[in-house]
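Student: Could you take me through one part of this in some detail? I'd like to look closely at the place where the two chains meet.

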Amino acid sequence: MSEDRSREDELSGRKQKHASAFELLVTMSVLGWEAFRSVARILARKSSGETSSTVLSHPEPLLLDRAADKAGTPSGRDLDLETPESAHRADWGTLLVALAFAASVTAGVGFLIFYWSGGGNMLLGGTLALCLGFFGAALVLSARWLMRHREAVEPREDFSSSDTEREAAFEDYCAGAREVRSRALLKWMAAVGLGMFATMFVSLMRGLGSPSGQSLFDTVWKRGQRLMTADGKPVTSNSLQPGDSITVFPEDSIGSEKAQTVLIRVNAQLLRLPGDRSDWAPMGYLAYSRVCTHAGCPVGLYEAESHLLLCPCHQSTFNVLDAAQPTGGPAARPLPQLPLYADADGNLRAGSGFSEPPGPGFWEMP
Amino acid sequence: MIQWLARSLNSRLRLARFVRAALNHVFPDHWSFMLGEIALYSFVVLVITGVYLALFFNASSAQEIYHGSYRALDGVRMSAAYRSALYLSFDVPAGLLMRQMHHWAADVFLCAIIAHMARIFFTAAYRRPREINWVIGLTMLVFAIINGFLGYSLVDDLLSGAGLRIAYAIMLSAPVIGPWLAFIVLGGDVPAYATIPHMYGMHVFVVPAVIAVLIAVHLGIIWRQMHTNYPGPMRTDKLIVGSRLWPSYTAKSLGLFFLVFAAIASLGGLVQIDPIWIYGPFDPVAAVPGAQPDWYLGWVEGAMRLFPGVNLRIGGWLVPEVFFPGVLFPLIVFAVLYAYPLLEQFVSFDKRPHNVLRLPWQHPFNTALGCAVFVFMIVLLAAGGDDVIAVASGASVVALRSLLRVLVFVLPAVTFAISYGICVSLQRRRSVVHPPASGVSAAVQDESAGSLPRSQKA
């Protein structure tokens, strides 16, 4: 709890430290962008007013020699840089591009200063974004203002080769193949060789991980193992009151993902375990695998009033009185149960392994 | 200098003809054609930032005790991978910026791919001869999703641990090959010692290499086939209208690269993403309530929550409940997407090559289907966060889930009907002015009508 508090304090401290710098950055960039846009708008209006007469003055399409002339004339705007009006446009464009470029350089220098002086993430990211953004803007502006744009029209080539080309290629292939003396051997080499290399390659995968051992079926617990808490204390028959629950492990693998077990104490009269499990829950102590049978999340929440275990990942619920049968959500199989007994000293011990392999389902699962 | 270089290269490689063709290559201008470019450029940003991160990341699950500058986790046991991610976030200058930019770039990448794909789908650019690029693009989407997941799972924080468990359960559930698949990919029963190195190898070498090769092929095919045009004057199956690569298109495209980079930098600098230090290190016994995968996997998560708990026993074999929403459902979705161009050809008997795009209203069924699938996915995405919605709205998760089980079918159906109706009414409105002649391709009609939007970029 206190750890959480200190984490929050640190976070809020960080946030406050950055907040003022961040606000300044945002205000500056918004103001800068607005100023830049209003200048650009004025310039654009001026220049387009001046050049409107020259628009479409040269509707001749920019065709390559391989292009079809019969395509007609494109109606795209065509700004000619040779006319005096558009020379103005080039001047204004140069100014705009230079402004954007200057802004980019300024932001880049800002980034370097912040980087070397240990500035925070927001200052670094903000200046980097401004630097790259203004550079991109400069490029786009130069394309719009300084380069002529003409719509180009070109014929498309066929997608398929011509019949003569295709036949010629096929004929050359056949001619080559006819020269090969022992084609059968080459075919066998190709087929068997490929098969062999593929098998060798796939076999190498075995080393990456092989389920052929019994680990999937392993029910982890063994008869006689004491139930231990996460901090290594043995659990006795007095440890819990009805309605309580804790996480327990076998004494030799504390903290193990697969062996984690939830121990619950309920009122023994409420139990509805099947007949062959009648002695699995001494004094109302029930132990189930804590790994959800649906997708393997730890079934962490126990609701004492409804006697339900709830998985936080997909909200499957299991009724602990009823051998942890699923009662809602996407799980289809009950949580494996661990038979318990109390020894002469009152320590709770496992009667055997889990009733089924713990964890999500798989093809060979019994 | 440039002239000297060009001359010396040309005298060795006979470049002039190729270069001239490249400089004069025609690309149509339209804002929606930039979506693919955005995806390409965010991939470049991913590679740049990713290489930087790889220089610091320690892909090992060896357990260590943290004594770094983030005081709240002082003395906590954690994997070397998580510790190196903390070090990168708190002690490397601009390290956090690079990490956040990398994560944001992945989100932008996937967002751009999906938007690009939607543009292709709704304008029917997947038709012959471009089915091949549709297939390559889809494959890139699959690999991008896989790599996104691997990326945020590598860090080994508590949240990614939950995702890893679920991924393991999904792979394990596949009939016959499931256990082998899960063990080969994740190195054993998660969290196994080899899990992080396996994911690192795939995330850093295998998947990016595959995506890079596919990008090269994708672009090569676009180059070879030339880009499609929206319908408009002179835009026919035999002609391409647009601007030449050199110089203005190059400048604009390069500018777009810097703008995408800037957008990702501002996200990475100003908007927090994946604050791993708040989640804490992976702990096999703990789980985060309200945990969600990144949005591009939310639809699978939603399907897993909505699908009822049904086991299938075949003889002595088990098909677990996770198989149906976690394996079968995504397989069906992608199989339909992969096959869609062929399915349409099969139904319409239209096997001619097309170079002019079809506008969405011209094919009501296609458009309505696309909209319905989008809504379907959005409902599933909402279902993937149903516990969060329930907490926020005060409704019970059970009630919300039964509602979503109905909505997931009803809303797409309603969407289908509405979008179909809109397309038909648009068609009617336009056909009053220009009655369509049957048997004439849409492009020709549009050209004669001349009433259609065309490129406004000048």
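Tutor: Let's start with a term: a salt bridge here is a side-chain nitrogen of Lys or Arg within 4 Å of a carboxyl oxygen of Asp or Glu. Keep in mind that this is a predicted model. By that rule, 5 salt bridges cross the interface of chain A and chain B. One of them pairs R333(A) with E321(B), where the closest N and O atoms sit 3.1 Å apart. Polar contacts add to the picture: 25 residue pairs make them between chain A and chain B, with both partners at pLDDT 80 or more.

Now for what chain A brings along. The elements giving two or more residues to its side of the contact with chain B are α1 (2-51), α2 (84-116), α3 (121-146), β1 (152-155) and β3 (245-250). Of these, α3(A) gives the most, with 16 residues. By residue type, the side of chain A that touches chain B splits into 42 nonpolar, 23 polar and 20 charged.

Step back to the whole contact, and you'll find 85 residues from chain A and 106 residues from chain B taking part. The size of an interface is often given as the accessible area lost when the parts come together. For chain A and chain B, that comes to about 7,700 Å² buried between them. Carbon and sulfur atoms carry 64% of that buried area. So much for the totals; if you want a single spot to zoom in on, go back to R333(A) and E321(B), the salt-bridge pair with its closest N and O atoms 3.1 Å apart.

Conventions. Residues are numbered from 1 along each chain as its sequence is written. Chains are lettered from A and ligands numbered from 1 in the order in which they are written. This is a predicted model: local features need pLDDT of at least 70, side-chain atom pairs count only at pLDDT 80 or more; totals for chains, interfaces and linings use all residues. Side-chain values use heavy atoms; hydrogens and water are left out. Contact means heavy atoms within 4.5 Å. Buried area is the accessible area (1.4 Å probe) that two parts lose on being put together, summed over both. A polar contact is a pair of N or O atoms within 3.5 Å; within protein, one must be able to donate a hydrogen and the other to accept it, and residues adjacent in sequence count only if both atoms are side-chain atoms. Helices (H or I, at least four residues) and strands (E, at least two) are DSSP runs, numbered from the N terminus. Ala, Val, Leu, Ile, Met, Phe, Trp, Tyr, Cys and Pro count as nonpolar, Asp, Glu, Lys and Arg as charged, and the others, Gly among them, as polar.
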